[in-house]
Amino acid sequence: METETATRWLTDAEQCAWRTHLEVNRLLTYQLERDLQPFGLTMNDYEILVNLSESEGVRLRMSDLAAATLQSKSRLSHQITRMENADLVRRENCESDRRGLYAVLTDHGLETMRKVAPHHVASVRRHFMDLVSPEALEQLHKSLQPIAEHLRGQRGKP
């Protein structure tokens with residue numbers, strides 16, 4: 001027989017921390033997105049460019065890229081189509097698996113990354129890093145690491 005447990009409502013301090021986290025997450029994402037607009041990129045575009053630029057051969061299987069960017073395969077496919085139209089990436093068949101496809105960073109995509117990355121890093125510094133002391137940043141990392149590990153473990157679970 002299943003026993004009912006009472007809802008553990010958030011305390012005032014927990015509610016305050018949670019809502020501040022949500023607000024910062026939304027506002028920071030909004031601002032970083034705005035700072036990428038002059039380059040014709042979204043945060044999703046930039047994340048894909050980063051993942052491809054840091055991968056061996058500047059290519060990733062589409063399924064691996066979907067997992068790395070937390071996108072469905074369908075959503076990623078639409079995203080890659082838009083990025084192909086901008087000549088940032090191209091698709092290539094996987095020789096070892098005829099059903100598999102790679103997303104590959106084009107020369108234009110790599111040049112775009114090189115041009116945009118310094119501006120993006122400056123934006124991250126201006127709107128986040130420079131507002132947090134080194135000690136608070138270390139504590140933030142320590143606080144968020146177990147949450148990240150827990151959530152990575154939850155991926156794919158119902």
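The exercises below work through a predicted model, each with a solution in steps.

Residues are numbered from 1 along each chain as its sequence is written, and side-chain values use heavy atoms, with hydrogens and water left out. Because the model is predicted, local features need pLDDT of at least 70 and side-chain atom pairs count only at pLDDT 80 or more, while totals for chains, interfaces and linings use all residues.

**Exercise 1. Confidence**

Task: state the average confidence of the protein, and find where confidence is lowest and where it is highest.

Solution. Begin with pLDDT, the predictor's confidence in each residue, from 0 to 100. The protein averages 94 on this scale, and 96% of the residues score at least 70. Next, go through the helices (H or I, at least four residues) and strands (E, at least two), which are DSSP runs numbered from the N terminus. Confidence is lowest in strand β3 (residues 97-105), with a mean of 86, and highest in helix α1 (residues 12-36), at 98.

**Exercise 2. Charged pairs around Arg59**

Task: determine which residue forms a salt bridge with Arg59, and which network of salt bridges includes Arg59.

Solution. Side chains of opposite charge can pair when their charged atoms come close. The criterion for a salt bridge is a side-chain nitrogen of Lys or Arg within 4 Å of a carboxyl oxygen of Asp or Glu, and a search of the whole structure finds six of them. For Arg59 the partner is Glu92, with the closest N and O atoms 2.8 Å apart. This pair links distant parts of the chain, since Arg59 belongs to strand β1 (residues 59-61) and Glu92 to strand β2 (residues 89-94), 33 residues apart.

Glu92 also forms a salt bridge with Arg90, where the closest N and O atoms are 2.9 Å apart, and Arg59, Arg90 and Glu92 are accordingly linked in a network.

For accessibility, buried means under 20% relative accessible area, exposed over 50%, and partly exposed in between (1.4 Å probe, protein chains only). Arg59, at 27%, is partly exposed, as is Glu92, at 21%, and Arg90 is partly exposed at 37%.

Finally, the charged end of Arg59 sits over the ring of Tyr102, 5.2 Å from its centre; the rule asks for NZ of Lys or CZ of Arg within 6 Å of the ring centre and within 35 degrees of the ring normal.

**Exercise 3. A nonpolar patch**

Task: identify the residues that form a nonpolar patch on the surface, and place Ile147 in its helix.

Solution. Patches are made of residues with over 30% relative accessible area and no salt bridge, like charges being joined within 9 Å and nonpolar side chains (Val, Leu, Ile, Met, Phe, Trp, Tyr) within 5 Å. Leu140, Leu144, Ile147 and Leu151 form such a nonpolar patch, with about 330 Å² of accessible area together, areas coming from the Shrake-Rupley method with a 1.4 Å probe, and for residues only the protein chains shown count as cover. Ile147 lies in helix α6 (residues 134-154) and is partly exposed, because its relative accessible area is 44%.

**Exercise 4. Positive phi values**

Task: give the phi values of Val58 and Asp87, and locate each residue.

Solution. Phi of Val58 is near 45°, a positive value in a residue other than glycine; Val58 lies in the loop between α2 and β1 and counts as partly exposed at 25% relative accessibility. Phi of Asp87 is near 60°, again positive in a residue other than glycine. Asp87 is placed in the loop between α4 (73-85) and β2, and with a relative accessible area of 43% Asp87 is partly exposed.
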